[in-house]
Amino acid sequence: MKLLFDLLPVILFFVAFKVAGAQPESSLALAQAWLGPLMFDGKVPANQAPILIATAVAIVASVVQVGWQLARRRKVDVMLWISVAVIIVFGGATIWLHDETFIKWKPSILYWLFGAILVGGRLVFGRNLLRAVLGAQLDVPDPVWERLLWVWIAFFAAIGAVNIVVAYSVPTEAWVNFKLFGLMGITFAFTIGIGLWLARHMKEAVE
């Protein structure tokens, strides 16, 4: 359930883009009515309507996520705050300038920020932030925690770069598909691999 909640803005972005793309005239009229006033020139390019609508939907969904957590008096994860800030800034720039470049960079910026936070925690504050978050759930040797930290840092750097390469190599519609299925699939496969690797070390720690 939490995974679905975390992925909700990405899923809604995908759905909104597909629905708007299937109805170009209606999506253009909707984008002009609701997003036109938010643009510097007040005019929505016809070919940009689907990505602009999808971006607006993702921004609203992300803000609602935080509002829902606050309304239920639950702690909002730092990663969620960062994600909302990034989508507001880059999604807002996409709408204001009606330029899809910004929303395409958003996933990469988010991944690189996560990696930078982990690097900063280790080099500036001398802390392994992964261990600080997961230490109560995982019992593995100290060297494993250190390797795990740098493996995740490398992953965030690499997947951010992959997103940029794909974004500039394929049409926008293909990138939208990759954003949901490609990035999610890569992250899921990587997480499973990390889990299997940690399971081996956890057994060694017990023995």
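Of the 207 residues in the protein, 41% are buried, a value that, like the others here, is computed from a predicted model. The secondary structure consists of 8 helices and 0 strands, so that reading from the N terminus on, the order of elements is α-α-α-α-α-α-α-α. Taken along the principal axes, the box filled by the C-alpha atoms is roughly 65 × 40 × 35 Å, and among contacts between residues at least 6 apart in sequence, 67% join residues that are at least 24 apart.

The interior can be followed through the largest nonpolar core, which has 49 residues and in which Phe13, Ile51, Trp152 and Trp175 touch the most other members. Two or more residues of this core come from each of helix 1 (2-22), helix 3 (49-71), helix 4 (78-96), helix 5, helix 7 and helix 8 (172-206), and helix 7 gives the most, with 11 residues. Leaving aside residues up to four places away in sequence, Phe13 touches Ile51, Ala54, Thr55, Ala58, Ile103, Trp175, Val176 and Lys179. In soluble globular proteins, nonpolar side chains tend to be buried together.

Two of the helices that contribute to this core also pack against each other: helix 5 (residues 101-123) and helix 7 (residues 142-167) have axes 8 Å apart and meet at an angle of about 160°. Because angles over 145 degrees count as roughly antiparallel, helix 5 is roughly antiparallel to helix 7. The crossing in which helix 5 passes helix 7 is left-handed, and the residues of their contact comprise 18 nonpolar, 4 polar and 3 charged.

Definitions and conventions: Residues are numbered from 1 along each chain as its sequence is written. This is a predicted model: local features need pLDDT of at least 70, side-chain atom pairs count only at pLDDT 80 or more; totals for chains, interfaces and linings use all residues. Side-chain values use heavy atoms; hydrogens and water are left out. Axes are lines fitted to C-alpha atoms, for helices over the stretch in contact, and angles run from 0 to 180 degrees between N-to-C directions. Helices (H or I, at least four residues) and strands (E, at least two) are DSSP runs, numbered from the N terminus. Angles under 35 degrees count as roughly parallel, over 145 as roughly antiparallel, 65 to 115 as roughly perpendicular and the rest as oblique. A crossing is left-handed if the near helix is turned anticlockwise from the far one by less than a right angle, and right-handed if clockwise. Ala, Val, Leu, Ile, Met, Phe, Trp, Tyr, Cys and Pro count as nonpolar, Asp, Glu, Lys and Arg as charged, and the others, Gly among them, as polar. A nonpolar core is a set of buried Ala, Val, Leu, Ile, Met, Phe, Trp, Tyr and Cys residues joined through side-chain atoms within 4.5 Å. Buried means under 20% relative accessible area, exposed over 50%, partly exposed in between (1.4 Å probe, protein chains only). Contact means heavy atoms within 4.5 Å.
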